[in-house]
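Here is a short, friendly report on one protein model. Have the sequence and the 3D view open as you read.

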Amino acid sequence: DFNINSENAIVEFNYLVEEAFGTIKGVSGKIHFDISDLSKSSFEVSANIPSINTSNKTRDKHLNAKDYFYTEKYPAVIFKSTSITADDDEFVLYGNMKIKEISNPENINFKFENNVFIGRCVIYSNDYNIHKRKTREDSKILVKITVPVL
């Protein structure tokens, strides 16, 4: 079992079509990672959406509003794993990501080095009814998750 170093954990994102970069802090949760038996591993983590920072306070306030994340009612992005596999020099975390009231299956590729989990995934805002675009591809968001553990 690992304790998350919440003060230094961060989610970074790049909303490609908007050319919007930002971070979300307040990562917390439970990590049980057994490299010798991945079937016993589990991740349940959340990130505090109201901490969103895009270096534009007006945009950050709007992202917290009802028509985007509606953080007054849904303050966290939650990821809960269902399984983990090893793939060459990295791992693949399968699970469900919940944003607002919508839960979708997502995969996070990650490495674990020097007591830091570093993961990457792609999500689409259209899948979570946040700032719907004409095409799903136009709603693509690149996500990097850095979670140091104690």
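## Overall fold

In which order do the elements of the protein run from the N terminus on? They follow the pattern β-β-β-β-α-β-β-β-β-β, where helices (H or I, at least four residues) and strands (E, at least two) are DSSP runs numbered from the N terminus. The radius of gyration, taken over C-alpha atoms, is 15 Å, close to the 15 Å from the globule rule for 150 residues, so the protein is as compact as a globular protein of that length. That rule is 2.2 Å times the number of residues to the power 0.38.

This is a predicted model: local features need pLDDT of at least 70, side-chain atom pairs count only at pLDDT 80 or more, and totals for chains, interfaces and linings use all residues. Residues are numbered from 1 along each chain as its sequence is written, and side-chain values use heavy atoms, leaving out hydrogens and water.

## A look at lysine 100

Lysine 100 sits in the loop between strand S6 (90-99) and strand S7 (102-113). Lysine 100 is buried (under 20% relative accessible area, 1.4 Å probe, protein chains only). Lysine 100 has no salt bridge (side-chain nitrogen of Lys or Arg within 4 Å of a carboxyl oxygen of Asp or Glu); glutamate 101, the nearest side chain of opposite charge, is 5.4 Å away.

What does the side chain of lysine 100 reach at 3.0 Å? It is the backbone oxygen of tyrosine 68. In addition, a polar atom of the lysine 100 side chain lies 3.4 Å from the backbone oxygen of asparagine 129.

Definitions and conventions
Buried < 20%, exposed > 50% of the residue type's maximum accessible area, 1.4 Å probe, protein only. Lys, Arg positive; Asp, Glu negative; His and termini not counted. Polar contact = N/O pair within 3.5 Å; in protein donor to acceptor, adjacent residues only side chain to side chain.
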